[in-house]
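User: I'm new to this structure and would love a close look at one part of it. Could you take me through the aromatic rings that gather together, and then show me how they fit into the rest of the chain?

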Amino acid sequence: MYAVRQKDHAMNGYGLVVFWTLLLTFFLKVVADILNLASSRADLPEEFHGVFDPDAYRKSQEYLRATTGFSIAEAAFGLAVLLVFWFAGGFELLDRFFRGFGFGALPTGLLYIGSILLLQAVEGFPFTLYRTFVIEERFGFNKTTPAVFAADTVKSLLLALLLGVPALALLLSFFAYAGDSAWLWAWGVFVLLTLMLQYVAPAWIMPLFNRFEPLGDGELKTAILHYARHTEFPLSGIFVIDGSKRSSKANAFFTGFGSRKRIALFDTLIANHTVDELVGVLAHETGHFRKRHVVINMVLGMLNLGIMFYLLSLFMLNRQLFDAFYMSEVSVYGSLVFFMLLYTPAEFLLSIFLQVLSRRHEYEADAYAVSTSENGEALAEALKKLSRSNLSNLTPHPFYVFLNYSHPPVLDRIRRIRQMSGSGVS
């Protein structure tokens, strides 16, 4: 047995920062949700006449109400569970339990953090089930069968074990044994691991969940290759993903680096759009590469990782931080858990900055698509159809957009596209 540190149960400064940040971020998000619901218009925006019929528009508003209420309930439950676990001494009880096995610092740390992540997953699992098989099913999106859902869950768990456990062990080892330079070692190694993962994921990980098949010869493939040659954009392959296996929603994205760049199109996207519209979507995605948005986001992610590891090194084994969570013993693994909670304000502010930057990037990619494609109007039509098929909110509140949107509201994008293409706003 080890001695239990006598603690004052009054919350210290670190605890107050975490507590009030958790409450404030929850409050801001709920306010944004309420404002977003209030901004929903009963009348269909004129731009979408002929795309949304009255029933589809009504359904999109019902979907907004259903998903908003569900998200608030999920966030409130998650926050309540965390606070109860915290103030009931859950972090300390869990630490005592695993220390009792006498496995040593590294295995104990892996078990401790792994159990917290598992508890989070268990807490969120019923919400995932309800979202998938009730809400998404009710609105006609869900195509996931129980068998596919179970297989996805098992695969995700195995990947977390195969990739996450070694990565976590490395991180804990660096901060346990590398001294003052631990954060530099961790930063360098994790940047390398991230780059490697992005390189191998399209070939080794993504096919575990979806089938990728080369796009067959035909008008669409010819048009895509023509656009790629026109913009001198090398493609090593064009693939179709069986997105309809899980959802009727559509998407498209690029994978790979350098000469190994590939375009991946959801089968649901191909089924619902014309060739010109699909080329417009491709032109937009090409714009992200040409404007170096992918590189910018990677660099920002790496910088954030380095800053986070450096700050973690400053709070490593901080007695007051452990007191805030009613912990008797300090440890490297505890420092990691509690620092991430303390880092919440910075993470929240960073997410807002990244959302602002992402929306700017979307406008730039749209501009590139208009300037390089032969039919800029096709991208606007594609966006309208995507909004219809995904039951998107056409009139989101600006504050909600500010906090949550990685893409500008679709009406704003369409108006800019029309201005750039010289066709005005209808």
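Analyst:
**The aromatic cluster and its surroundings**

Happy to! A cluster held together by ring pairs takes in F19, W20, F85, W86, F87, F91, F322, F325 and F338. Please keep in mind that this is a predicted model.

Let's begin with one pair inside that cluster. F322 and F338 are edge-to-face, because their ring centres are 5.3 Å apart and their planes meet at 90°, where over 60 degrees is enough for that label. F322 belongs to helix α11 (residues 319-324) and F338 to helix α12 (residues 332-342), so this pair ties together parts that are 16 residues apart in sequence. Are these two residues buried or exposed? Both F322 and F338 are buried.

Now look at F325, another member of the cluster. Leaving aside residues up to four places away in sequence, F325 touches V18, W86, F91, F338 and L341. Several of these names return in the largest nonpolar core, which has 45 residues. Those touching the most other members of this core are W86, F91, Y112, F175, F309, F325 and F338. Helix α12 gives this core its largest share, eight residues. There is also a second, separate core of 41 residues, with L44, I238, V281 and A380 among them.

Aromatic rings pair up elsewhere too, and the count of aromatic pairs comes to 33. One of them joins F97 and F98, edge-to-face, with 5.1 Å from centre to centre and 75° between the planes. F98 counts as buried because its relative accessible area is 11%, and the cut-off is under 20%.

Some rings have a charged residue as a partner. K249 lies over the face of F141, 4.6 Å from the ring centre. R416 is placed over the face of Y363, at 3.7 Å from the ring centre.

Finally, let's step back to the whole chain. The protein chain has 16 helices and four strands. Its radius of gyration is 24 Å, close to the 22 Å that the globule rule gives for 426 residues, so the chain is as compact as a globular protein of that length. Along the principal axes, the C-alpha trace spans about 75 × 50 × 40 Å. Buried residues account for 44% of the 426 residues. Of the contacts between residues at least 6 apart in sequence, 76% join residues at least 24 apart. On the outside, the protein chain exposes about 21,700 Å², with carbon and sulfur atoms supplying 65% of it.

Definitions and conventions
Residues numbered from 1 in each chain as written. Predicted model: local features only at pLDDT ≥ 70, side-chain atom pairs only at ≥ 80, totals over all residues. Heavy atoms only, no water. Phe/Tyr/Trp six-rings, centres within 6.5 Å; stacked < 30°, edge-to-face > 60°. Buried < 20%, exposed > 50% of the residue type's maximum accessible area, 1.4 Å probe, protein only. Helix = DSSP H or I, 4+ residues; strand = E, 2+ residues; numbered from the N terminus. Lys NZ or Arg CZ within 6 Å of the ring centre and 35° of its normal. Rg over C-alpha atoms; globule rule 2.2 N^0.38 Å. Contact = heavy atoms within 4.5 Å. Areas by Shrake-Rupley, 256 points an atom, 1.4 Å probe, with all protein chains shown as cover. Core = buried A, V, L, I, M, F, W, Y, C linked by side-chain atoms within 4.5 Å.
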